[in-house]
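Me: Got a minute to go through this one with me? I'll paste it here.

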Amino acid sequence: MIYQLGDFRFPDDPARLYPQTPERPWVLEVGFGDGHFWPHYARTFAQAPNYLGVELSGVSLLKAHRRLKDAGLENAILTKLPADVLVREVVPPRSLHEIVVNFPDPWPKAGHTDHRLLRAPFFRLAASRLRAGGAVLLTTDHDEYFEFACAEAEASGVMRVDQAQPPAAALETKYARKWRDLGLSAHHARFVPTAHPEVPGRAFTPYPENETDVPHAILTLPAAFAPTDFAKRTARAPARGPEWTVVLLDLFASLRRDGWVVQAHVVEEGLTQEVLIGVTGREDGTHLVRLARFGGPIITPGVKAAVGVVTGWLEEEGAQVTHRGY
Ligand SMILES: C[S@@+](CC[C@H](N)C(=O)[O-])C[C@H]1O[C@@H](n2cnc3c(N)ncnc32)[C@H](O)[C@@H]1O
């Protein structure tokens, strides 16, 4: 099954995600590529563990989804997200049995190591989400990244590095076969938590069922308001807060209602969302500025701020705000 960020809870519950098999171990695979690993690995268990796969590539997501479906692996969830966002916001503490990382992007150029996944902060996060006896399993052909990951695990202060043989399934992935054909061998390590630090998620919530909980504002626009100035507003520097950046990208007249729709780009650590914010006329002559459900946005501090940025722009245009709900 493919999940969007908005389909999850923050944090989620394995019993909700896998209602048919809530008692089975839970394995996360980061960067599953075209999905070769899981069908092989799942077969090594008497019953396929519950599987959560995370990838950045949409094409890979679809290929892997087909492969898992053909293999009859029902208790598997795939999602297109950055791994650290998924682990921090969705996975509850001490719930995963394994986090598998096969042939991660090595980011070999000098100055690019910040892009690597397996750095000390990720190891602390992983240690907080793994159960006792769990582990991060790394298989890679890349000598330098392997040493880097081992050093980062030790620097995290919460992981022991065990050298081990890779699971046979890790040597059947697309990249494993690619490097094997070039005559390269693979390194493998098990990173075992020695402590389970607390690494809290941020204040993420799904789009509320109750309309009044959706970030919004009510205001009175000046007489004969026409948003001709929007281009000037978007050309200005983005609005920035301590943990977010909001850029207002475009404004569309609504064909369905009296009003407009603003398209905004919201960037927060590790997560980017494009959201729509409606500015809609109400019967009493006021206007409602409200985050639209379209696209399944997650309510984050940045998304609330985006509603505030649109409201602020309208205030600059002369609107009188009578209520702020963001
Ligand atoms: C070199 S490929 C390996 C794919 C697969 N594991 C294999 O062995 O064939 C690395 C994969 O990790 C994915 N990836 C990179 N960074 C990621 C992240 N932060 N979260 C999720 N996936 C990521 C990339 O999109 C890419 O598909």
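Me: Let's start with H5. Which of its residues are buried?

Reply: Keep in mind that this is a predicted model. The buried ones in H5 are Ala120, Phe122, Phe123, Leu125, Ala126, Ala127, Ser128 and Arg129.

Me: And what does that say about how enclosed helix H5 is?

Reply: H5 spans residues 120-129, and 8 of its 10 residues are buried, so the helix is largely enclosed by the rest of the structure.

Me: What do the buried residues of H5 pack against?

Reply: Helices H4 (83-89) and H6 (143-156), plus four strands: E5 (96-102), E6 (130-140), E7 (159-163) and E8 (187-193).

Me: Switching topic. Which residues does the UniProt "binding site" annotation cover?

Reply: The UniProt record, an unreviewed entry, puts it on Glu29, Glu55 and Asp105. They're spread over 77 residues of sequence but cluster in space, with a largest C-alpha distance of 14.0 Å. Glu29, Glu55 and Asp105 are also in the lining of the largest pocket.

Me: Is Glu29 buried or exposed?

Reply: Buried, at a relative accessible area of 1%. Glu29 sits in strand E2 (residues 26-30), and its contacts beyond four places in sequence include Phe37, Trp38, Tyr51 and Val100.

Me: And Asp105, buried or exposed?

Reply: Asp105 is exposed, with a relative accessible area of 57%. It lies in the loop between E5 and H5.

Me: How many cavities of 30 Å³ or more are there?

Reply: There are 2. The second largest holds about 30 Å³ of space and is lined by Arg202, Glu243, Glu268 and Pro301. By class, that lining is 3 charged residues and 1 nonpolar, with no polar ones.

How values were computed. Residues are numbered from 1 along each chain as its sequence is written. This is a predicted model: local features need pLDDT of at least 70, side-chain atom pairs count only at pLDDT 80 or more; totals for chains, interfaces and linings use all residues. Side-chain values use heavy atoms; hydrogens and water are left out. Buried means under 20% relative accessible area, exposed over 50%, partly exposed in between (1.4 Å probe, protein chains only). Helices (H or I, at least four residues) and strands (E, at least two) are DSSP runs, numbered from the N terminus. Contact means heavy atoms within 4.5 Å. On a 1 Å grid over the protein atoms alone, a cavity is a set of points where a 1.4 Å probe fits but cannot get out, and a pocket is an open set with protein on both sides within 12 Å along at least five of seven lines; lining residues have an atom within 4 Å of a point. Grid points are joined across faces, edges and corners, and a volume is the space filled by probe spheres set on the points. Ala, Val, Leu, Ile, Met, Phe, Trp, Tyr, Cys and Pro count as nonpolar, Asp, Glu, Lys and Arg as charged, and the others, Gly among them, as polar. UniProt positions are given in the numbering used here, feature names are shortened, and annotations may be inferred rather than shown by experiment.
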